[in-house]
Structure formats: C-alpha cells, structure tokens
Amino acid sequence: MQTPAPCGYERATSVDGALAALAAHGPTARLIAGGHSLLPMMKLRLATPEHLVDINDLDELAYIERDGDVIRIGAMTRHVELQRSALLAEHFALFADAEAVIADPVVRNRGTIGGSLCQADPGEDLSAVCAAIKADVVIRGPAGERVVSMDEFHVGPYVTAVADGEILTEIRVPIRPGAGSAHEKVERRAGDFAIAAASAAVWVGGGTFADVGLALAAAGPITVDVTRVGELLRGQPPGEELFEAAGAIAAEDCMPMADTRGPVDYKRHLVGVLTKRALRRATARALQQEA
Amino acid sequence: MATTVEQPASPERPIGFGRLRRKEDARFIRGQGTYLDDIRLPGMLHGAILRSPFAHAKINSIDTSKALELDGVAAVVTAKDLETLGLAWMPTISYDTQAVLAGDKVRFQGQEVAFVIATDEYVARDALPLIEVDYEPLPVVVDARKALDPDAPLIRDDKPGQVDNLATPTWEAGDEEAADRAFAEADVVVTRDIMYPRCHPAPMETCGMIADFDPKTGQLDIYNGNQAPHVHRTVYAHVAGLPEHMIRIMCNDIGGGFGNKVPVYPGYVCTIAASIVAGAPVKWIEDRSEHLTSTGFARDYNMHASICAKDGRITGLEVDVIADHGAWDSTAQPTKFPAGFFHICSGSYTLDASHVKVKAVYTNKAAGGVAYRCSFRITEAVYMVERMVDALATEMGVDPIELRMRSFIAPEQFPYETTTGWTYDSGNYAETMKVAMEIADYEELRREQAAKKERGELMGIGVAFFTEGVGAGPRKHMDILGMSMNDGADLRVHPSGKAVVSISCQTQGQGHETTFAQIVAEELGIPPEDIEVRHGDTDKSPYGLGTYGSRSTPVSGAAVSLVSRKVRDKARLIAATMLETRPEDLAWEKGRWFVKGDPEQGATIEDIALRAYSGEELPAGMEGGLDAQIVYDPPNLTYPYGAYICVVDIDPETAQVKVRRFIAVDDCGVRINPMIVDGQIHGGLAEGIGIALMELISFDSEGNCLNSSFMDYLIPTAMECPEFELGMTVTPCPHHPLGAKGVGESPNVGSPPAIVNAVIDALRQGYPEVDHIDMPCTPDRVWAAMQGRAEPPQ
C-alpha cells in the first residue's frame, strides 16, 4: 500500500473560502481538484503538502458556456465534460481529440482542466490544446482577478503564472471565423502520457490562413508554442508542402529530452509527423473537408 | 502415434466437462473476495521495509534511533538483529543464498535494509526516512554481457571462493559434435543475437503477509497468497527451525501470481520474525514500486543462436545463452535444471542435432528469473527457436509456414524423443497449423500484404508454432529443494452425496474451484455445484508442490481424476451389496452403477454414499464412509502445443505497431472447461502483447530501475488487444487419465514470437534489410529499426 505523509485537509465551499484557506496556511498548502496528479505524487511522497484545500465542491467553477464571442470554461470542468461538449465540438474539435486519449475514463471522470493546466506537466495534452487555440486564463487571488494569455501562463517546468495563494478559475477562448483544430498524439499505450503530441488550430479566410496556432506536448521542458509555424503559414493558402515545411520547423524548434519514451531524434521526427497531421486535419475541418 | 479427436459439444448444464460459468466468479465480480489486505486481526501491527537507493554500496552503519523515537514505532529490525536469530541470510529456491536484510552491503536498488514494526501502516512508512544509513557507493554491473569482464566489481563477496560474477557454470544439453556436423553439412546457416528482455509478471495484488505467532501455543498462522504453500511451510521449518506441524499457511484469494509468487521473499521472513518477537500478528504488504523493483522478474536471457537447414528442412540448432540472475540466483525451476526447461528449444521440429549452453551471471539488479506464466524458461526457448525458424525461412526465401510444415514432427513419430532428451507425448502439428491458416485465411492475408506494400503500407503476418512441456513432474526426473513434484488429492463424499475435494494446488485466478469440481463431476456424476474444492490452506489440503508451470491440470487434475475413480471403485463394491450381485456384474454410467443386462436395477452415487455411512450392511471387511486419498506421480510431462498467427500494421511515419488480428489454435488435449481454457488463452495473449510491444524492466548505468511504477512499466489494456480468434484441435495426452494437458501458459509462450515475427515481416515490406528487432517493439525502437539501428534494450 502506498501511504502519503501526514497532512491537514479541508473542503472549500466557495472560491473566496478556498482563497482564505490558502492565505491562512501559506505556501505549504495545495489545492486539490481531481487529484489524479497530486495524489499519486503524495503516495510516492514526491509531494508532501502540509495542508490540502479540496475544491471539488466548487460547482460554480464547472461550466462550459458561450458568452458572446468567447467560450468560457470553468476550471473545475472535468475531462469527460470537455470530451462530450457539443459547444466545444462545434468550435474547437481538438478538445474531443485530446480527451479521447487523455488517460482513461476513470481519470477523465474526475480530472479537471484547471488541475491539468496548473500541474503544467510538459507531457500534458490540455496545455498544448489551450496554447494552440490561443486561450486566456483567469486567475483569482486576494487582490482580485487577472487575465493572462497562455504565453504568459507557462513559466517553467511544473511552474505557472498562478502564484501561491491564487486559484485558476476560468479558461477563455475567443471564437473567430474559419476555425478548425486538431490534436494528434502518439503514446506507448492507451492512457499513457504522450511520447509527443501536437495541437493545431487554424483560422482560414479568403483561401489563406488568417491565423495559426501550433503547440506541442512532451516535446520540451514545458509546453512548446511553435510560433514560427504560425509565421510560416499566415497569409499562405493551405497545402501539403506547407504542412511538411511546418513539420520540419516544429521538429527543429522543439526541445525534447531522451527518456523511457524514446530518444531525442525519434521525438523530433515524431513532432514533425504529428505537426503535419494536426495541421492537415485542422485545415480540413476549417474547410469542412474532413475525410 | 498421436490421434486427434473431436471435442464433444458442451452440454447446457454440464455434469462433468463443458462450458460452465466459474463458481468463484460470483464473489469476485461482487468485490467479495478475501485478499490479504482484507484480513485484519485484533492487535495487529504493521511492517514496512526500508530499501536501498543504491544498486551497489557498502553499508558503514545503520542508525535506527530517530525512527524508534517516532510515536507508534514498536521496533526496527536490521540484519544485526536477524543475525542473532540466524536469519540474516536465507537459502534461495536454487540453492544460492540471499540476504534477508542487508548487513554488509546492498547489491541492488530496492534491496531490503531494515524492517519497521509500528501500530499502523502510515506510522511504519513515516519511520522509514528517519532511519539513517551510511552507504558507500561501489561500482555497479547492470549488463550481463559485461558481468564477467575482468574489471567487473565482485558482487557476491559474501560467498567463500567466489572470485567473479559467475552465478552458475555452463550447463549443457544435446550433442555438440553432432550439432557441429549438422552445421558443417548444412545448405543454409543463419545466426542471430536474440534478447528476451527483463519483464515482470506484475500480478494485480502485490506480495505481502500476515504472520500470527501465538506465544502460548507456539502455533504460527500465516496468511500469504503464494503459489506453493506446502513448500513454503517446509522452507520456513528448515530456515527458521520452526516445527512444521505448528505452521499453517492460508492463501485465501490471490490476485494473480504468474510465477512471481513462487519464491519466499525477505519480507516474508521479516514478517514472521517480527510476529515471533512481538508476540502479535504483523501485517506487511509491499506497494507497487516495491513489487516491481524487488520481487521476481522474468526472462533476461541473452541468446546467441544459429540454425541451419539442408535439403529444405531444418536440421540443426546451436544456442549459447548468458542468463542474468541479478544479485542472487533465485531462479525458479526443478533443482536439477539450472536453465529450467530451456533445452526444449528444438521446438516442434525433427532436427538432426542440437546443442544448448547456458551460463548465468550475477548483476546489480533484483533477483528472480521466475517462470512468468511459463514452464521454466520454455518461453525463452520458444521465442528463440520461432524467431530463428523465421529468420531461416527468410534467408531461404521460403514461406515461414512452409518451412515449419516441412520440418514438423509427424503424428506417427510420437512418442518422440528430441535431440535434447525430451519425450513428447502426442501431437498432430500440421493439422493444427492448417486450422490456424484456415481461420486466418492465410493466402488472402499474403495477397492483401502484397497489395498494401505497393501503396507503401507496412502490414506484417507473423507465425509461431510452439510445443511446451508442462506438468512437472516425474519424481525420477525432477524435484524442488529435494521435494518430489507430486500432488495429492483427498475426496470425501458425504452421506447426502455432496462432496469435498481437497487439492494441493490452488487458484490465483485460474478457476480451480470450477475445473476440479468438474473433474469429480465427470468421474462420479455429482453435479459440480455439489462439490466444494478446498485448496490453498496447508491444514486443509494434502501436500503438493503448488500452482505454476501449468501443472495444476496435468498433476493435480490427474490426482483428482484418480481419487474419484478410487471412490467409484469402492462405490461399486457397496453397490454390489446393495443390489445383491457381484461387482463384476455391474456397469457404470455417469452417476450410477447398474446391473449389466438389467439397467433398471442400479444404485446412484447418492444412494451409495448414504449406504456407506448408514447402519446397513457393507461388503465384508469394508470400512464405512466414501472417502479416498491419493498422491499422483506423473509418468511424464504433458506437451501442449499451438499454432499462432498474428497480423500487425505499422504506421510508416510514427512507427506505431497495431495488432490487428490474432489467431490462436491451441491443442491442450481434452478440455475440461473450454470456457475457462478460452479465458486462459485470452489472458495469456494479452500478456504476450504486453511483453512484445511495451513491457520492459530497464536500468540506467548506475543501476537505477527505470520502471518502478505502472506509469513506466506498461501493461497492456483492452485497447491494445484485438478480438482474439481462437480455434482448437484435441490430441489427447496418452498418459494423463483425462487425456488433458496444461494450457494456462501456452498463450504467453506462443504469442511474443508471433507478434515479433509479424513486426519484422511488416518492417521488411519497406525496409528489407531489417533482420531482427528485440522486444519490446515500442514506437521508438521500431523507428530505430527502420533507420537501420535496431539495438537490444538497455
């Protein structure tokens, strides 16, 4: 049996209450949402928080809704809701792509988007998804609310813009015309973290790419936003040669590390393939030509 | 001469053989099984083990004082304490020694260093980091191929006279001169280095024990899910000097064993010692990481093999193996066979000659070499020979099935004496191969493959044909630690005609409570639901060697069959008295003796049972009751076999392997419960997919285990398994009373070579220079093979 070290525990009933609990216990306190990253780390005693603030009762943070030209996703929205959301399927099909290959149904029933983003595991899929679609996140703290872009969100490996005493409350995604998106992942086995994964979002208008987002999971110490791919594609008409070129750029710009999932050269190769495939599929969806 | 027969169709509600839902499943699927952690005894203390972070290090000192200060800690046991009890070291199952707790130095990462006893499992774990151990790291050896290098550090300096890392000297089988001649005369010779990498059986329930020593009576009750409780009891009696008759081992329900739960582990000895010292029950259960890093691994065989052909037929095989045993030789096999049954590697073919050499080395890795769903290294043997036959077929430009067909042992050659000394009992190999080809539609698959090749797609078809020797074994040939490998059975038919049969093997999920009831039902005509199978409790079952090596049906199954026939014979005598006739005038039909020529006149087994216990007359001189006992000594192993065909697709860009189809045609002789057999085959095929595609226990150059959780040690899921396509032929075993052979391990033995052969076949569609890839065929390793850089795993 794996046994965590002793720690305190309380269940928050409101966001303000959770913030107060974090303030009262200081930096050794941790929020726990779905717990699918934190609890295993605690059981292995790789994480030893002194106090847990459980935010699973915060239903106020569980929603996916349209607000004008923005989709707002509450931080406590479970993976399974992202997977099944008709609203997301209509505008950002890559959520369903990614969720179909994130862990397994048991994890997806419990794990949350806020937890995934805040854990900021470089191999985690939703961070790449949110970076590709150029989402913003809302962070609430004792001093009030602030909105940061995904660019600013990832500070380093397992470190985000969410400071001690703060809570990520919402993900905001602007709806723009001509959008198509896709997430491609290769894993060693169903439910495993990616060997590498690529999230692509394109916005096509007038026969050319108006904008493109391309982000990678498991391809560096943090989620990798490959800005050069956007620079290459913007203003160009879609085409297979362009996707190949984008793949080559992504393979060059990623920063994978050798581990039990594979050596660096294979991972770079894979990033190239997945970038090409994700862009191809995203574009087909934007043009409503998906096979 | 072997005869293949039709398996009769299964009756709706079989009283005897047939598809019958498992009796034990009701409690399992409702979550009502009793596994070790479900058992809580009053006043029970809890143990936890401090393990070495280093693969090789001298221990300068161990300071337990801070741990002892923690509230709730009762004691901290170290090697010094065990030395006073004579328990610091213990023998392994292979006549080597192993440290119970490390005193002088640690020899692998995860080795047991101290044992904490506390009031609950949380406190016990909290105490571990408070124990201060002063380690002095030493150079490590992780690669078996470098273990005998002159500059390799000496791992076993505890053994007098040990000057290098040789664990067991070269062991040979076959005829080297004859093999050399076969190669000299051959038309084609193929040589490969083939590694069967280290993997782990990884049963869902990890290892653990509750020891409950009663200081008042001296009775030691042990709750411990292991695969050989009677042998464990004997070992504890010998090692700890405890009286064997005062030890009771209860296995209860076991969450899988797969060979991993055959050995006696240091944690067990610590738990027993702790209970004796504390005078209270002590529970210890390892966590998943402890399980993967310290308990019995499987395989880790480096095989240098050559195979040859003359006139289009396979004629010779030579194999030179370096086995990696880890820090101790605790490999599991009959004692006279240091390489297990590896020398069955001549496979299903009529070779002119073969020769096998195996030597084993120590490394700074966990010990094991257990028979993971395998009859003692047959998995390695079959993998090697089936890879080699494929390589030979490729070299000869012959279809791999065609080469096998040309070289099979023919039905009329059975019993067949192999070039390495086995006597195969029965088989009709070509017939079984044909059934597999029909199910697969082999010709059509080859056409599809050719069409796909034109389009740049990588489709592969892999074939494997295996013969296993299972059901160890005859006492004239084999033993474990001096104990004959025989099994007992004890059958008691109660006055109401319901029965209890006690057997010496026990289920870890194989369905024994159903299968063994069906054997009694078949022999006596008592419905299976009226037969209780007792097993896994040394106080309630006859002595025997346990469940592993697919030996339950071959050995215990035969015992149950014969003990039932003993009861039937006694029933005949009683029936004769009841029917006022002579025994020889009676005939048997299932459940009833009747008068020949007057079938209306008869006595059912129920009537006879009541009579046996009643006050009414019995045959002169006969004791009352309807019980019997037996000990069964198998005259030979049983030799199940099978033809497997696997179809894979490889993504040409990502190098991912997908198993699209898997056809398994097994011949395990007569099938007692075909549904359970199918289930066993499904499970073993899933394991084979895991081994072939993803499972690996690997180490970095400092001896750190890189696969210490299910995040890093991948076991397959349903998502990786296709709908298995099963078929069967039935060629009864001539010496087993039921004609049955073992089957549980066949799919694990036969599937890895079929899958790897398919992967190589697929790769060769686009990369014809690929001639081998070692397991596991993970995407990165398959991609490396595409780049011409196939390497064995580290």
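## Helix 8 of chain A

In helix 8 of chain A, the buried residues are Asp125(A), Leu126(A), Ser127(A), Ala128(A), Val129(A), Cys130(A), Ala131(A) and Ala132(A). The model described here is predicted. Helix 8 spans residues 125–132, and 8 of its 8 residues are buried, so the rest of the structure largely encloses this helix.

Both ends of the helix have a feature to note. At its start, a side-chain oxygen of Glu124(A) comes to within 2.6 Å of the backbone nitrogen of Leu126(A). Leu126(A) is itself among the buried residues of the helix. After the helix comes Lys134(A), which has a positive phi, near 60°.

## Contact between chain A and chain B

Chain A gives 27 residues to the contact, and chain B gives 28 residues. About 2,400 Å² of area is buried between chain A and chain B, and carbon and sulfur atoms give 54% of that area.

There are 5 salt bridges between chain A and chain B. In a salt bridge of 3.0 Å, N to O, the side chain of Asp265(A) meets that of Arg789(B). Across the interface of the two chains, 11 residue pairs are in polar contact, counting pairs with both residues at pLDDT 80 or more. On the side of chain A that touches chain B, the elements giving two or more residues are strand 11 (179–187) and helix 12 (264–286) of chain A. Helix 12 of chain A supplies the largest share of that side, with 7 residues.

## Salt bridges within the chains

Over all chains, the count comes to 86 salt bridges. One of the pairs in chain A is Arg140(A) with Asp16(A), whose side chains meet at 3.7 Å, N to O. Arg140(A) belongs to strand 6 (residues 136–141) of chain A and Asp16(A) to helix 1 (residues 15–25) of chain A, so this pair ties together parts that are 124 residues apart in sequence. Arg140(A) has a relative accessible area of 23% and is partly exposed, whereas Asp16(A), at 54% relative accessibility, counts as exposed.

In chain B, Arg660(B) forms a salt bridge with Glu448(B), and their closest N and O atoms are 3.0 Å apart. Arg660(B) lies in strand 32 (residues 657–667) of chain B and Glu448(B) in helix 12 (residues 442–454) of chain B, so the pair links parts that are 212 residues apart in sequence. Arg660(B) counts as partly exposed at 27% relative accessibility, and Glu448(B) counts as partly exposed at 22%.

## A further pair and a network in chain B

Arg582(B) and Glu584(B) also form a salt bridge, with the closest N and O atoms 3.8 Å apart. Arg582(B) is partly exposed at 48% relative accessibility, and Glu584(B) is partly exposed with a relative accessible area of 44%.

Elsewhere, salt bridges that share partners join several residues into one network. Its members are Asp96(B), Asp104(B), Lys105(B), Arg107(B), Arg156(B), Asp157(B), Asp158(B) and Lys159(B).

## A nonpolar patch on chain A

Val155(A), Tyr158(A) and Val159(A) make a nonpolar surface patch of about 280 Å². Val159(A) is part of strand 9 (residues 159–160) of chain A. With a relative accessible area of 40%, Val159(A) is partly exposed.

Conventions: Residues are numbered from 1 along each chain as its sequence is written. Chains are lettered from A and ligands numbered from 1 in the order in which they are written. This is a predicted model: local features need pLDDT of at least 70, side-chain atom pairs count only at pLDDT 80 or more; totals for chains, interfaces and linings use all residues. Side-chain values use heavy atoms; hydrogens and water are left out. Patches are made of residues with over 30% relative accessible area and no salt bridge: like charges are joined within 9 Å, nonpolar side chains (Val, Leu, Ile, Met, Phe, Trp, Tyr) within 5 Å. Accessible areas come from the Shrake-Rupley method with a 1.4 Å probe; for residues, only the protein chains shown count as cover. A salt bridge is a side-chain nitrogen of Lys or Arg within 4 Å of a carboxyl oxygen of Asp or Glu. Helices (H or I, at least four residues) and strands (E, at least two) are DSSP runs, numbered from the N terminus. Buried means under 20% relative accessible area, exposed over 50%, partly exposed in between (1.4 Å probe, protein chains only). Contact means heavy atoms within 4.5 Å. Buried area is the accessible area (1.4 Å probe) that two parts lose on being put together, summed over both. A polar contact is a pair of N or O atoms within 3.5 Å; within protein, one must be able to donate a hydrogen and the other to accept it, and residues adjacent in sequence count only if both atoms are side-chain atoms.
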